[in-house]
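Here is a friendly walk through the model, meant to be read with the viewer open. Take the sections in any order you like.

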Amino acid sequence: MRPAWSVLLLSGCAHAQAPRECPAGYMTDARASTELRDALRADPEGARLLEATAGRATFCFARGGPGVLTEGALLLDDAPADPRVVARAAHLLHHLARGERVTSGDPHSADERAASELEARLFARACQRSASPPAYCNQVPPP
Amino acid sequence: MRWTTALGSLVVCFASSGSAWADAVPPPPDNCPPGKVPVTDHRGPRCERKAPTNCPSGWRGVVGGTCALHQCTEDAHCGDDKVCREVSLCYKQETRYYTHGRNDHAPVRGPELGMGPPMQLDPPVTEWVAFNVCDTGSACPAPAECRPGKLCVAKESGSSSGSAAVPARSMPTKADGTVDTRPSGCGSGCAGAPAGSLPGAALAAFVALAFGLRRWLAAAEP
Ligand SMILES: [Zn+2]
């Protein structure tokens, strides 16, 4: 296959995403979004991801939100200060920054491994920054 | 370029969208039949039964049509119409070898990194998981154990201070020891009613009969 065609076909899988409204059942909570952005900005990798996805990400919150990305909307649990949610948001922004509209779901694939390792680093640092780290922070070995 | 190669690339492209535990997923459907709501999560876009509103005290309705224990650590987790109360809960031991991340609002289940693809837990984590309320002997068959816990329970109507609360109730246990988390008392029209409700089953039987008759008539024709 010629390279030009390969690029064209792959870009069909991963073309740029426009921000979308939050789906039904999710809230676009300005305060929660600000809280989450601040938490991401406090982390060097989180800040870089926010910059790389500026204007393309919408944070949507619901209790027990699954932590998935759909067309630029990050469907998250409504606990924006929770280190797990901060780390998860970074994982999803990593996919968004790379233009990955649909991921493989294979934890052994290179892209997923990189995203999960990033999530673990963000989690550890968010726990370290927390003034009163939740109990589960102590149970995760640093990456 | 050979078309077979191009087609192969497209198949790879679309095949990846059907993954079992993806975390970048297509959006929820635009429309769903009555009683169902559009959702998208790690399992992709689909229509699911609405969260029931008639779960017993101590439980909350979840999308999919079932009730789940409404665990809490303080009143703030419970919303305006419920309060967080100490109750006796039925726990069973579960060993987890993988984690998909947190699936409960209350951060009481230990470290759960990665709400996306499964990540191996090394060493595996054994923990006590609450699955019912201990209010009758049959609600918590051995080897499960009753232990203290906290649930959001309904406020007694007319109680503004929240001091009076409706006691948490257990949900029925099935023969295999699991709990039937579908809300009861609303018949087949209920959000949590079994998919094979009587009208649906009767219609399916009628359609099958009609097709069978047509094939039989066609075969009987000279
Ligand atoms: Zn991922």
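## Disulfides in chain B

Across all chains, the structure holds seven disulfides. Please keep in mind that this is a predicted model. One of the seven pairs Cys32(B) with Cys47(B), with sulfur atoms 2.1 Å apart. The torsion about its S-S bond is about -90°, so this disulfide is left-handed. Cys32(B) sits in the loop between helix 1 and strand 1 of chain B and Cys47(B) in strand 2 (residues 44–49), so the bond ties together parts that are 15 residues apart in sequence. Both ends are partly exposed: Cys32(B) has a relative accessible area of 23%, and Cys47(B) has 25%.

Next come Cys78(B) and Cys152(B), a disulfide whose sulfur atoms are 2.1 Å apart. This link is left-handed, with -75° about the S-S bond. It connects distant parts of the chain, 74 residues apart: Cys78(B) is in the loop between strand 4 (66–69) and strand 5 (82–99), while Cys152(B) is in strand 7 (residues 145–154). Cys78(B) is buried at 4% relative accessibility, and Cys152(B) is buried at 0%.

## A disulfide with one buried end

Cys134(B) and Cys146(B) also form a disulfide, with 2.0 Å between their sulfur atoms. The link is left-handed, at -90° about the S-S bond. Cys134(B) lies in the loop between strand 6 (119–133) and strand 7 of chain B, and Cys146(B) lies in strand 7, so the pair ties together parts that are 12 residues apart in sequence.

Which end of this pair is buried, and which is partly exposed? Cys134(B) counts as buried because its relative accessibility is 15%, under the 20% cut-off. Cys146(B), with a relative accessible area of 45%, is partly exposed.

## The zinc site

Which residues coordinate the zinc ion? The donors are NE2 of His91(A), NE2 of His95(A), OE of Glu112(A) and two OD entries from Asp23(B), at 1.9 to 2.6 Å. Glu112(A) belongs to helix 5 (residues 110–129) of chain A, and Asp23(B) to the loop between helix 1 (3–15) and strand 1 (36–41) of chain B, so this pair joins two chains.

Are these two acidic residues buried or exposed? Glu112(A) counts as buried, at 0% relative accessibility. Asp23(B) is buried too, with a relative accessible area of 0%.

## Nonpolar cores

The largest nonpolar core has 27 residues, and those with the most contacts inside it are Leu36(A), Leu40(A), Phe59(A), Leu74(A), Leu76(A) and Leu93(A). Two or more residues each come from helix 2 (30–41), helix 3 (44–52), strand 1 (58–62), strand 3 (73–77), helix 4 (83–97) and helix 5 of chain A. Helix 4 of chain A gives the most, with eight residues. As general background, nonpolar side chains tend to be buried together in soluble globular proteins.

Leu36(A) is a good residue to click on. Leaving aside neighbours within four places in sequence, Leu36(A) is in contact with Phe59(A), Phe61(A), Leu76(A), Pro80(A), Val85(A), Val86(A) and Ala89(A). Apart from the core around this residue lies another one, of 20 residues, among them Trp59(B), Leu69(B), Tyr91(B) and Cys134(B). Cys134(B) is thus shared between two parts of this report: it belongs to that core and is bonded to Cys146(B).

## Helix 5 of chain A

Helix 5 of chain A has 20 residues and reaches 29 Å from its first C-alpha to its last, close to the 28 Å expected at 1.5 Å a residue. Its buried residues include Asp111(A), Glu112(A), Ala115(A), Ser116(A), Leu118(A), Glu119(A), Leu122(A) and Phe123(A). Glu112(A) is the zinc donor met above.

## Chain B as a whole

How many helices and strands are there in chain B? There are two helices and seven strands, and from the N terminus on they run α-β-β-β-β-β-β-β-α.

Buried residues make up 36% of the 222 residues in chain B. Among its contacts between residues at least 6 apart in sequence, 52% join residues at least 24 apart. Chain B exposes about 12900 Å², and carbon and sulfur atoms supply 58% of that area.

Terms used:
Residues are numbered from 1 along each chain as its sequence is written. Chains are lettered from A and ligands numbered from 1 in the order in which they are written. This is a predicted model: local features need pLDDT of at least 70, side-chain atom pairs count only at pLDDT 80 or more; totals for chains, interfaces and linings use all residues. Side-chain values use heavy atoms; hydrogens and water are left out. Donors are N, O and S atoms within 2.8 Å of the metal (3.2 Å for Na, K and Ca); water is not among the atoms, so sites may look incomplete. Helices (H or I, at least four residues) and strands (E, at least two) are DSSP runs, numbered from the N terminus. Buried means under 20% relative accessible area, exposed over 50%, partly exposed in between (1.4 Å probe, protein chains only). A disulfide is a pair of cysteine sulfur atoms within 2.5 Å. A nonpolar core is a set of buried Ala, Val, Leu, Ile, Met, Phe, Trp, Tyr and Cys residues joined through side-chain atoms within 4.5 Å. Contact means heavy atoms within 4.5 Å. Accessible areas come from the Shrake-Rupley method with a 1.4 Å probe; for residues, only the protein chains shown count as cover. The expected span of a helix is 1.5 Å times one less than its number of residues.
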